[in-house]
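The following exercises are to be worked with the sequence and the coordinates at hand. Each task is followed by a solution in steps.

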Amino acid sequence: MTISILGARVIDPKTGLDQVTDLHLDGGRIAAIGAAPAGFSASRTIQADGLVAAPGLVDLGVSLREPGYSRKGNIASETRAAVAGGVTSLCCPPQTKPVLDTSAVAELILDRAREAANSKVYPIGALTKGLEGEQLAELVALRDTGCVAFGNGLKQIPNNRTLARALEYAATFDLTVVFHSQDRDLAEGGLAHEGAMASFLGLPGIPESAETVALARNLLLVEQSGVRAHFSQITSARGAQLIAQAQELGLPVTADVALYQLILTDESLREFSSLYHVQPPLRTAKDRDGLRAAVRSGVIQAISSHHQPHERDAKLAPFGATEPGISSVELLLPLAMTLVQDGLLDLPTLLARLSSGPAAALRLPAGELKVGGAADLVLFDPQASTVAGEQWFSRGENCPFIGHCLPGAVRYTLVDGHVCHEACAGEHQPFIPHG
């Protein structure tokens, strides 16, 4: 199909392009930016006056729940939710059942993703077999199957020698290792950030040092091994400072933050709502401010949803007995637009943290608009609003933002030039900032 997108404000953070112009798509590729190529004839025209056209969003943390957890979601439902949020490329973690530690599991995920024909899926393979922290998984075979990086999630590898050897092996083959830095012993049994709010509620705490101690260890081993490392779900201001220091030393280190960590704090737990139960936990306003500063400066170059859908029953027990996680991938763009609304980021910088930044972190073929490149893009109205939950495609409704009116509305999401999501302009009212 050939498509012309006319009159959009085209923003490509990677090249610095920011102007009102046209886009022309042919055969799943961008044929031209500006004037149409000679002889080009569009089979569909999208009038995009007032809309922003940007690279499709790249989300480095989306649990698809398949295989093994179909009561929570599946590849079809969660990738459908992703394109509704403007996400055209996503990475799924290895915590599946069975664990994503074999080529067979990776092939299953990729086959199901192709069948769903929504967002592109890039699996993150398990660093160790069964995520047990003892024996290395078949990393090269997983890479050859399509895994773009390797990690152990929040399951810490307890033996430093084992971890060092794993990183050296990954460095030999130029593989990227993804760390979720939380010390197992310091965090054990914890439910909330260790501080005044946890004490007030009587919840066992997870101290900031659970992150920083693990981060320090991991960064020292990264320096020793020379491995490419991505630090996911940074939660504390001190943690962001450690990442900045590593980058100043020239270590090959990148980082992301969960979007909800830039919006919420541990004060959200005051009513004991399990919708705010996440791991690692929500931290203080000071930490949130530090994370925001790191995102502004580019120390943290990627914002991700860290989408974890759950069935309704998973959040109905008392707080400590519920499963952690928030379902939010289909709100990624509108939630992120609150950072622009509040004056924390300008729009091009926000789009960089949602597209080119995460793509570069894991070396994904995504996150830019270039002639000849894949026609993966999002068209959104920055002046309209999204009522969270008015449409809902994820199987997980465990989202504290449902019912909120959020700035911006995704109108079209295109993957390889195919319109995977389309919303009528009449579905949303213009957004009016508070105050």
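**Exercise 1. Cysteines**

The predicted model contains 0 disulfides by the distance rule applied to cysteine sulfur atoms. Task: explain why Cys91 forms no bond with the closest cysteine sulfur, and state whether Cys91 is buried or exposed.

Solution. Step one is the distance: the closest cysteine sulfur to that of Cys91 belongs to Cys92 and lies 7.5 Å away, which is too far for a bond. The cut-off is 2.5 Å between the sulfur atoms. Step two is the environment: Cys91 has 0% relative accessibility and therefore counts as buried. Step three takes Cys405, which is likewise in no disulfide. The nearest cysteine sulfur, in Cys399, is 14 Å from that of Cys405. At 41% relative accessibility, Cys405 is classed as partly exposed.

**Exercise 2. Strand pairing around S5**

Task: determine which strands pair with S5 (residues 52–55), and in which sense.

Solution. Begin with strand S1 (residues 2–12), which runs parallel to S5 and is joined to S5 by 2 bridges. Within this pair, Val10 is found opposite Ala53 of S5. Next, take strand S16 (residues 377–387), which pairs with S5 through 4 bridges in the antiparallel sense. Here Val52 has Phe380 of S16 as its bridge partner.

**Exercise 3. Nonpolar cores**

Task: identify which residues of the largest nonpolar core touch the most other members, and describe the surroundings of Ile303.

Solution. The largest nonpolar core has 95 residues, and those touching the most other members are Phe231, Ile300, Ile303, Leu350 and Phe380. Helix H10 (residues 332–341) supplies the largest share of this core, with 6 residues. A second core, separate from the largest one, comprises 19 residues, among them Ile3, Ala48, Ala53 and Ala375. For Ile303, leave aside residues up to four places away in sequence; the contacts are then Val58, Val257, Leu259, Leu262, Val295, Leu339, Leu350, Arg353 and Leu354.

**Exercise 4. Backbone exceptions**

Task: locate the cis peptide bonds that precede Pro67 and Pro280, and the positive phi angles of Ala117 and Gln233.

Solution. As background, most residues other than glycine have a negative phi, and most peptide bonds are trans. The bond from Glu66 to Pro67 is cis, with omega near 5°; Pro67 belongs to the loop between strand S6 (57–59) and helix H1 (75–84). Gln279 and Pro280 are also joined by a cis peptide bond, with omega about -5°. Pro280 is placed in the loop between strand S14 (253–258) and helix H9 (285–297).

Turning to phi, Ala117 has a positive value of about 55° and sits in the loop between helix H2 (103–116) and strand S8 (120–126). Its relative accessibility of 42% makes Ala117 partly exposed. Gln233 has a phi near 60° and lies in the loop between strand S13 (228–231) and helix H8 (237–248). With 10% relative accessibility, Gln233 counts as buried.

**Exercise 5. The chain as a whole**

Task: assess whether the radius of gyration agrees or disagrees with that of a compact globule.

Solution. For 435 residues, a compact globule would have a radius of gyration near 22 Å; the chain has 21 Å, which agrees. Of these residues, 60% are buried. Among contacts with a separation of 6 or more, 74% link residues 24 or more positions apart. The secondary structure consists of 12 helices and 18 strands.

Conventions
Residues numbered from 1 in each chain as written. Predicted model: local features only at pLDDT ≥ 70, side-chain atom pairs only at ≥ 80, totals over all residues. Heavy atoms only, no water. Pairing = 2+ DSSP bridges. Core = buried A, V, L, I, M, F, W, Y, C linked by side-chain atoms within 4.5 Å. Buried < 20%, exposed > 50% of the residue type's maximum accessible area, 1.4 Å probe, protein only. Contact = heavy atoms within 4.5 Å. Rg over C-alpha atoms; globule rule 2.2 N^0.38 Å.
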